[in-house]
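Colleague: Please give me a close look at one part of this model, chain A, and tell me how its pieces are put together and how far each may be trusted.

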Amino acid sequence: MTVRHALALLVLAAAPLTAPAAQEPTQGVRIGLTYTAGTRPGLYVLPMRGPHADSIRAILTRDLDFGDRISVIAPDSGAPPTGKLNYPLYARLGAAAVLQLTPNAAGGLHVVLHEVGPGRVMNTRDFPLEGAPLSAGWRRSVHEVSDEVERWVTGVQGIAATRILFVRGGTLWQVDSDGANPQPVSGVGSALGPVWHPGGSMAAYTEMLDDGTRVVVRDLLKGTARRYVVEAGSNSSPAFSPDGRMLVFSSGSDGTDLWSVPLDGSERPYRVTVGRGSTNSQPTFAPDGRRLAFTTNRLGPPQLYITDSDGANPELLTTSGFGDQLYRADPSWSPDGRFVAFSTLVEGRFQIATIGLRDRAVKQHTLDGINEDPAWAPDARHLVFTSSRSGSKQLWVLDTESGRLRQLTHGPASRMAAWSPRFSIAR
Amino acid sequence: MQRNKVLLLAAVAIAAGSTAACQPKPEVAPVPTVNQDSIDAANRARAEAEAAERARREAEERARREAEERARREAAARAEAEARARAAMDAARAAFATAIYFDYDRSDLKPEARALLDAKLPLLRANANIRIRIAGHADERGSDEYNVALSQRRAAAAKKYLVDQGIPADRIDVVGFGEERPAAMGSDETAWAKNRRDEFEIIVGGETLRLP
């Protein structure tokens, strides 16, 4: 029996466990409460009393709403119920679960999740709330509660406690996933195209000086920076390998190629692409680190290619079209490995699209205005991108499954977003 | 009648008295004889001296004016030469600094771009010490990051042309600024066309340029 046969048998054996829930909505192995797949379970968030209760409840319900996996039911007024919950009442209101929030003695939050169907407490936990109330750190603590509650309800951890790096006024900024706390990253000069290190504490970006561009890796906590140059003049569009050890970026004088450099500088730069004078730029790694997608004009207009991470087996990812619709760029490989999101020229304007790695099916996600430069959220479901639909370039968040959109940034023009990984904070 | 006699006598007496009181009469000074010739001679001499003085002054004045005029002409000529040289230098600098333009998403040189690059060659050849930087730019359309690479390729295309014409490659730096430093604001073809460009800058030796 060949390895392939063995793999096929394994897949078959596993199939009943992972069969799409749509076929048998109420069966299958899953974490979280039971609800009909393809719908968003209703979560009733009970009124809350105590210090900053309104803020906590508002942040939490908004986070769960932005997660697009839960249908949040949160009436504005009322007193918290006392005694045993009237589960059938919440069932009639469309709730599959009820969230009960109470301040605890330690200044934190006591959280109880009730499952309405069986009428029982499903999960309970005390969360600390760090820092001064309403401060950035305190808000992040609340976001972490939201993300855990989303995991309790849906089986998938939320992405509220994440941040987005972006470019505003030619330098680097970051903003919370809900649009709060936009602030410049200190110590950064002229910057383009930020990306997060998988560890979440570092970022790489292109620094633009009068004598050229170079790649900078900055420790966002310590403020230290290291610069990377393969060939003087042009060094841009960095990407980290998923293991966080390598940095791949575009460099060259006559055309640009992708080069791979160990972050610690322990080895000489390795040339990944051989473009022969063409532009090869914007690398993005598959989550297993074995392949990467990039933009190249080696066939004429910019197109997306994928290649083994050592440069072997380069292959056209996006198929050719006609006329100006050939322009495709800004690839971003989804954290679950299934899709590459990109910008594509449609009737003279850029739009956001995704292509499936398995079936190469392309899906266009936007229609209004000019939409560019998508970057995946760590949930492999949401995309942040630059859109001109509001009149100026701003960051917007798209739920690729429902098509729901929300504006993330306001004020001065913002672009070139990068979504952080989920931060793992030791407690 | 008697009365008339008295008066006459009195008058005689007075006359006699006064005659007796008079001094002896002095010799009369001889009246000088006027020599008109010498007067004329003196006048002539004086006129001649005055004329000579006038002529001298006039000559001096003329010489001074001529010197001034000469100086003015020389200064003017110098200024004109300097202005011509400056104009020639300005023209050479302007020809050098003239941007070249590209088509959308293209980095190949158009014929007019080649002509503009040719116009830069004399200055580059006359000043072997200068070092230049070619900065490529892109319009706002297209991927921001890809445009950095595209603009760098535009700069590299101009460098390759100059190197092919004999300018040493190590005297030319190239850099791509993408769409980050537009020459014209706006979101129409007029602005875009102005932004798809290479700019040229002398980064070493620009203060002491020699004319071609």
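Modeller: In chain A, the domain assignment (its bounds are automatic or come from a database) gives domain 1 as 42-79 + 86-154 and domain 2 as 163-419. This is a predicted model, in which local features need pLDDT of at least 70, side-chain atom pairs count only at pLDDT 80 or more, and totals for chains, interfaces and linings use all residues. Residues are numbered from 1 along each chain as its sequence is written, while chains are lettered from A and ligands numbered from 1 in the order in which they are written.

The C-alpha centres of domain 1 and domain 2 of chain A lie 35 Å apart, and 6 residues of domain 1 are in contact with 8 residues of domain 2, contact being C-beta atoms, placed from the backbone, within 7 Å. On the side of domain 1 that touches domain 2, helix H2 (53-66) and helix H4 (136-154) of chain A each supply at least two residues, and H2(A) has the largest share there, with 3 residues.

As for trust, pLDDT is the predictor's confidence in each residue, from 0 to 100, and chain A averages 88, with 89% of its residues at 70 or above. Confidence in chain A is lowest in helix H1 (residues 3-18), at a mean of 39, and highest in strand E26 (residues 382-387), at 98. Over residues 1-30 of chain A the pLDDT stays under 50, and the model has 12 contacts beyond four places in sequence for that stretch. For the complex, the predictor gives an ipTM of 0.80 and a pTM of 0.82.

Chain A has 4 helices and 29 strands; these are DSSP runs numbered from the N terminus, helices (H or I) of at least four residues and strands (E) of at least two. Of the 427 residues of chain A, 46% count as buried, that is, with 20 or more other C-beta atoms within 10 Å of their own, against 12 or fewer for exposed and values in between for partly exposed, with C-beta atoms placed from the backbone. Among the contacts in chain A with a separation of 6 or more, 42% join residues 24 or more positions apart.

Within the range of domain 1, strand E4 (residues 109-115) of chain A repays attention. It is largely enclosed by the rest of the structure, because 5 of its 7 residues are buried. Two strands pair if DSSP finds at least two bridges between them, and strand E3 (residues 97-103) of chain A runs antiparallel to E4(A) with 7 bridges, while E4(A) is likewise joined to strand E5 (residues 120-127) of chain A by 7 antiparallel bridges. Leu113(A) in E4(A) is the bridge partner of Leu99(A), and Leu113(A) also stands opposite Asn123(A) in E5(A). The hairpin of E3(A) and E4(A) has 5 residues between its strands, with Gly107(A) in the turn at a positive phi of about 85°; in the hairpin of E4(A) and E5(A), 4 residues lie between the strands and Gly119(A) takes a positive phi near 65°.

Turning to domain 2, 4 strands of chain A form an open antiparallel sheet in the order E8-E7-E6-E29, whose edge strands, E8 (183-184) and E29 (414-419), each pair on one side only. Strand E6 (residues 163-168) of chain A pairs with E29(A) over 4 antiparallel bridges, and Ile164(A) stands opposite Trp419(A) in E29(A).

Ile164(A) is also one of the residues, along with Phe166(A), Ala204(A), Leu247(A), Val384(A) and Ala417(A), that touch the most other members of the largest nonpolar core, which has 96 residues; such a core is a set of buried Ala, Val, Leu, Ile, Met, Phe, Trp, Tyr and Cys residues joined through C-beta atoms within 7 Å. Helix H5 (residues 144-164) of chain B gives the most to this core, 9 residues. Beyond its neighbours within four places in sequence, Ala204(A) has contacts that include Val195(A), Val215(A), Pro238(A), Phe240(A) and Leu247(A). A second, separate core of 27 residues includes Leu46(A), Ile56(A), Tyr90(A) and Leu129(A).

Finally, where chain A meets its partner, 31 residues of chain A and 19 residues of chain B take part in the contact. H5(B) and strand E3 (172-176) of chain B each give two or more residues to chain B's side, and H5(B) has the largest share, 10 residues.

Notes: Contact = placed C-beta atoms within 7 Å.
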